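Me: Please take a close look at one part of this structure, the place where its two domains meet. I would like a connected description of what makes up that contact.

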Amino acid sequence: MKTVLSGIQPSGKLTIGNYIGAIKNYVALQKDHDCYFMAVDLHAITVPQDPAALREQAEMIIALYVAAGIDPDKAAIFMQSHVRAHAELGWIMTTLTYMGELERMTQFKDKSAGKESVGAGLFVYPSLQVADILLYNADLVPIGEDQKQHLELTRDVAHRFNTRFGDTFTVPEPYIPELGARIMSLDDATKKMSKSNPNPGSYIALLDSPDEIRKKLSRAVTDSGREVRYDPVNKPEVSNLMGIYANFSDLTLKEIEAKYDGQGYGAFKKDLAEAIVAKLEPLQSRYRDIRESGDIARILKQGAEKAAAKAEPILALAKERMGFIPSA
Ligand code: TYM
């Protein structure tokens, strides 16, 4: 059975971009893979975090994983900080990553742009992500397009380790959705939809109310034409909405084009809002049940135990290969 690992940062409300790019595939992959899904709290603290907000957002991710359909008895659902091997292998991977590689990372460039000072953790962030993935010998890493560069770095560092110290780590493959790898902002189709965007009108959060969803979609930017046609180059806004629609319904892009032929954008946007509401309402009700059940602590304990059992021997082997004296 192949191993799957992925994670999401507890640094804001999760959006339908996170759902389409990542969570939807987590749910699909758990059926026939050995899966590990975490909230990456050690990554979130690379930019300043309010302690209460960090705790709330971390719990929110775990409850959303379960509400979206990840079964905690099948997949390990856990907090990154509960499995100490992440921090330890993270340090080791920092020593194997080149400064030049880290300087090229676009996520670092974006997050540090215009800031007077940034923590060193933000710079070495990708080395911790390398460790997250190699620690489980993951074969597949479900991610959106924006994480591809970090995955390529992971592959390079895995090769580097294996060449220097002998075959130890699996070289992972990215698992990126064909449609929806990069869901764009509702107010600007040149920007990725992001949970850290200060304008809430730019994204649909998984916990937005039906009315908020309807309102945000009715205000979503489109072009001045009226043709519902998939053409990402010339019609980026409409194509983005069509990609979201296809992900929230059983319709293909061709079927969506045919359905709204000659109708303009009004009916299309309305139906899209209803398709999203129909998926998110039951998810939100499961989410509330899980938060109220007090089950999260138990899920996290079970998940961390399963994750540590997989990770510890891999960390121990890597350390031994590097020349560390094994502890008695
Ligand atoms: P994060 O928290 O920014 O995003 C979580 C996941 O959601 C995907 N995503 C999107 N997909 C499509 N369209 C969008 N607009 C969109 N926005 C976000 C991201 O690609 C990601 O898959 N560095 C990672 C977290 C991480 C990780 C890992 C991921 C840490 N360790 C190990 C995989 C494996 C991040 O910041 O994701």
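Reply: What follows describes the contact between the two domains, with most attention to the side given by domain 1. The model is predicted. Its chain is divided into domain 1, made of residues 3-176 together with 294-322, and domain 2, which covers 200-288. Taken over C-alpha atoms, the centres of domain 1 and domain 2 are 30 Å apart. Domain 1 brings 14 residues to the contact, and domain 2 brings 14 residues as well.

About 1300 Å² is buried between domain 1 and domain 2, and carbon and sulfur atoms give 74% of that area. On the domain 1 side, the residues that lose the most area to domain 2 are Ile16, Tyr19 and Ala67, which together make up 40% of what that side buries.

As for polar interactions, there are zero salt bridges between domain 1 and domain 2. Polar contacts are present, however: four residue pairs, both residues at pLDDT 80 or more, link domain 1 and domain 2 in this way.

Turning to secondary structure, two helices, α1 (16-29) and α3 (51-68), each supply at least two residues of the side of domain 1 that touches domain 2. Of the elements on that side, α3 gives the most, with six residues. By residue class, the side of domain 1 that touches domain 2 consists of ten nonpolar residues, one polar residue and three charged residues. Those three charged residues on the domain 1 side thus sit alongside a count of zero salt bridges between the domains.

Technical notes
Residues numbered from 1 in each chain as written. Predicted model: local features only at pLDDT ≥ 70, side-chain atom pairs only at ≥ 80, totals over all residues. Heavy atoms only, no water. Domains from an automatic or database assignment. Contact = heavy atoms within 4.5 Å. Buried area = accessible area lost by both parts, 1.4 Å probe. Salt bridge = Lys/Arg side-chain N within 4 Å of Asp/Glu carboxyl O. Polar contact = N/O pair within 3.5 Å; in protein donor to acceptor, adjacent residues only side chain to side chain. Helix = DSSP H or I, 4+ residues; strand = E, 2+ residues; numbered from the N terminus. Nonpolar A, V, L, I, M, F, W, Y, C, P; charged D, E, K, R; others polar.
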